[in-house]
Amino acid sequence: MSWLGFAIALWVGLGLELGLRDALRLGAGPVAPSFVVPIVIWFALNASQKSALWAALIAGAMLDLTAAMPRTDGGDALILGPRALGLLSAAWLVIKIRPKLMRRRAFTLAFTSGLAGCVVAAVVVMLFGARAALGDPIQWSIGGELATRLLGAGYTAVVGFFLTFPLRWSEPAFGFPADRTVRRF
């Protein structure tokens with residue numbers, strides 16, 4: 001796998017996610033799609049297991065470092081870990097089910113991106129919920145956050161469908177292993 005190709009894809013994905021977050025929100029609520037999750041899942045579908053897991057961990061850490069959590073005392077906190085562990089878990093799940101998937105289909109990336117978004121949502125809500133329960137002064141509501149993040153996972157699935165085409169077009173830049181098998185039915 002080409003780490004330079006991954007770095008460029010991650011940089012573009014983070015830029016789209018941070019730059020278009022407000023423009024792509026559903027209504028006035030906080031539900032917005034992720035561009036980074038489909039990119040990580042694309043790598044989980046196509047790269048070697050070790051590379052895909054490291055890519056997920058790096059991308060999750062970048063998401064953690066760009067998302068400040070509001071605190072009850074009025075400040076913000078950067079908490080490294082929840083999104084990194086969530087994306088790592090999601091990539092692991094996709095790696096385990098990828099032999100059963102038709103990887104070159106747009107609906108495959110859409111489905112696995114939505115599934116990964118649900119896994120990330122569960123891990124993030126669980127970890128931040130545990131922190132809040134242990135007395136961390138972050139502003140956190142488990143029920144509201146879980147609903148928002150699960151709706152965002154569905155929205156991410158739609159983004160994943162449309163990201164399939166530019167990712168497939170730029171696939172030679174990623175240097176995926178040649179021994180990948182593509183199932184055709």
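Start by selecting Ala68, which sits in the loop between α3 and β1 (69–70). Helices here are DSSP runs of H or I with at least four residues, strands are runs of E with at least two, and both are numbered from the N terminus. The model is predicted, so local features need pLDDT of at least 70 and side-chain atom pairs count only at pLDDT 80 or more, while totals for chains, interfaces and linings use all residues. Residue numbers start from 1 along each chain as its sequence is written, and side-chain values use heavy atoms, with hydrogens and water left out.

**Ala68 and Leu80**

Ala68 is partly exposed, at a relative accessible area of 43%. In this tour, buried means under 20% relative accessible area, exposed means over 50%, and partly exposed is in between (1.4 Å probe, protein chains only). Now add Leu80 to the selection: 12 residues separate Ala68 and Leu80 along the chain, and their C-alpha atoms are 9.9 Å apart.

**The nonpolar patch**

Keep Leu80 and extend the selection to Trp3, Trp54, Ile58, Met62, Leu65 and Leu78; together these residues make a nonpolar surface patch of about 710 Å². Patches are made of residues with over 30% relative accessible area and no salt bridge; like charges are joined within 9 Å, and nonpolar side chains (Val, Leu, Ile, Met, Phe, Trp, Tyr) within 5 Å. The areas come from the Shrake-Rupley method with a 1.4 Å probe, and for residues only the protein chains shown count as cover.

Which helix gives the largest share of the patch? Colour helix α3 (residues 49–65): four residues of the patch come from there.

Within the patch, pick Met62, which is in helix α3. Met62 is partly exposed, with a relative accessible area of 34%. A distance drawn from Met62 to Leu4, 58 residues away along the chain, reads 16 Å between C-alpha atoms.

Move on to Leu78, in the loop between β2 (76–77) and α4 (82–97). Leu78 is exposed, its relative accessible area being 54%.

For a view from helix α1, select Ala7, which lies in that helix. Ala7 counts as partly exposed at 39% relative accessibility. From Ala7 to Ile58 the C-alpha distance is 9.6 Å, across 51 residues of sequence.

**Along α1**

Stay in helix α1 (residues 3–20) and select Glu17. Is Glu17 buried or exposed? Glu17 is buried, with a relative accessible area of 8%. Glu17 and Ala84 lie 67 residues apart in sequence, with 16 Å between their C-alpha atoms.

**Salt bridges**

Next, display the charged side chains. A salt bridge is a side-chain nitrogen of Lys or Arg within 4 Å of a carboxyl oxygen of Asp or Glu, and by this rule the count comes to six. Three of them are visited here.

- Select Arg25 and Asp22, whose closest N and O atoms are 3.2 Å apart in a salt bridge. Arg25 is partly exposed at 28% relative accessible area, whereas Asp22 is exposed at 61%.
- Select Asp64 and Arg83, which form a salt bridge with an N to O distance of 3.2 Å. Asp64 belongs to helix α3 and Arg83 to helix α4, so the pair ties together parts 19 residues apart in sequence. Asp64 is buried, with a relative accessible area of 0%, and Arg83 also counts as buried, at 11% relative accessibility.
- Select Glu171 and Arg104, which meet in a salt bridge at 3.2 Å, N to O. Glu171 is in the segment after α6 (142–169) and Arg104 in the loop between α4 and α5 (106–133), so this pair ties together parts 67 residues apart in sequence. Glu171 counts as buried at 12% relative accessibility, and Arg104 as partly exposed at 27%.

**α2 against α4**

Finish with two helices shown as cartoons. The axes of helix α2 (residues 36–46) and α4 come within 9 Å and cross at roughly 40°. Axes are lines fitted to C-alpha atoms, for helices over the stretch in contact, and angles run from 0 to 180 degrees between N-to-C directions.

How do α2 and α4 lie to each other? They are oblique to each other. Angles under 35 degrees count as roughly parallel, over 145 as roughly antiparallel, 65 to 115 as roughly perpendicular, and the rest as oblique. The crossing of α2 past α4 is right-handed: the near helix is turned clockwise from the far one by less than a right angle, with anticlockwise being left-handed.
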